[in-house]
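Subject: Structure for your review

Hello,

Here is the structure I said I would pass on. My notes follow below it.

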Amino acid sequence: NPQTPIPNPQSPFITLNSLNIIYIKHVFFDVITYIYNYKMSDKKAIIFMQSYGSMNTKLLLDNSTKNFQNLEIVTLPNETKVDVSSYDIIGFASGIYFWDLGKEIYNHINKLQGLEGKNAFVICTAGSPSDGYPKKPKEAIEKKGGKLVAGFITTGSTKGGITGFIRNMFNMQVRPNKDDFVECEKFIKNTLNGVFDFISLK
């Protein structure tokens with residue numbers, strides 16, 4: 001009777017087992033992720049940001065936009081007139097001051113050139129987040145011919161001041177944190193890729 005051949009360890013034909021399948025899944029996921037990120041990098045975007053006081057909005061953007069090559073951030077106030085007609089999508093980011101975005105956001109929307117026909121998104125931080133805050137500039141954006149299609153808001157807290165004192169007393173977590181950074185980056189990726197949503201993290 002013929003004997004069953006013993007597999008040669010040097011053979012290029014390797015039998016698939018559970019470890020091989022797991023490895024292939026990881027490689028496949030990495031390739032898909034690379035293609036997804038490459039596709040996103042082709043989008044040209046700009047975010048106008050107003051952040052002062054505890055600087056939570058700046059902290060959020062600094063840690064969630066590092067991987068975007070074609071994303072520009074302009075800090076307001078900025079007297080330079082900007083024509084946004086060459087950008088694929090326009091963003092506005094602000095803390096919430098007296099239940100609305102900062103006034104510099106609205107001042108800049110009114111001065112923007114080339115907003116006609118553009119999609120826009122809003123990113124906010126607030127001590128008490130509300131689902132409606134990212135939608136506040138909708139009318140101002142539409143008056144300039146743009147369309148608000150997505151929004152993101154998360155908790156913004158600080159270690160200082162009365163709010164910080166209360167949070168420290170009750171051992172509450174300072175926000176935004178790493179989880180917020182990850183979620184905001186995911187939101188920006190999806191928005192640039194045409195997947196629009198309004199997200200509220202509380």
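**Strand β1 and its surroundings**

Strand β1 runs parallel to strand β2 (residues 71–75), and five bridges join the two. Strands here are DSSP E runs of at least two residues and helices are H or I runs of at least four, numbered from the N terminus; two strands pair if DSSP finds at least two bridges between them. Ala45 stands opposite Leu71 in β2.

This is a predicted model, in which local features need pLDDT of at least 70 and side-chain atom pairs count only at pLDDT 80 or more, while totals for chains, interfaces and linings use all residues. Residues are numbered from 1 along each chain as its sequence is written, and side-chain values use heavy atoms, with hydrogens and water left out.

β1 is also joined to β3, by six parallel bridges, and Met49 has Ala93 as its bridge partner there.

Six of the six residues of β1 are buried (under 20% relative accessible area, 1.4 Å probe, protein chains only), so the strand is largely enclosed by the rest of the structure. Ala45, Ile47 and Met49 lie on one side, with Ile46, Phe48 and Gln50 on the other.

The largest nonpolar core (buried Ala, Val, Leu, Ile, Met, Phe, Trp, Tyr and Cys residues joined through side-chain atoms within 4.5 Å) has 25 residues, of which Ile46, Phe48, Val84, Ile90 and Phe92 touch the most other members. β4 gives the most to this core, with four residues.

A second, separate core of 19 residues includes Ala45, Ile89, Ala150 and Phe181.

Regards

Note on methods
Buried means under 20% relative accessible area, exposed over 50%, partly exposed in between (1.4 Å probe, protein chains only).
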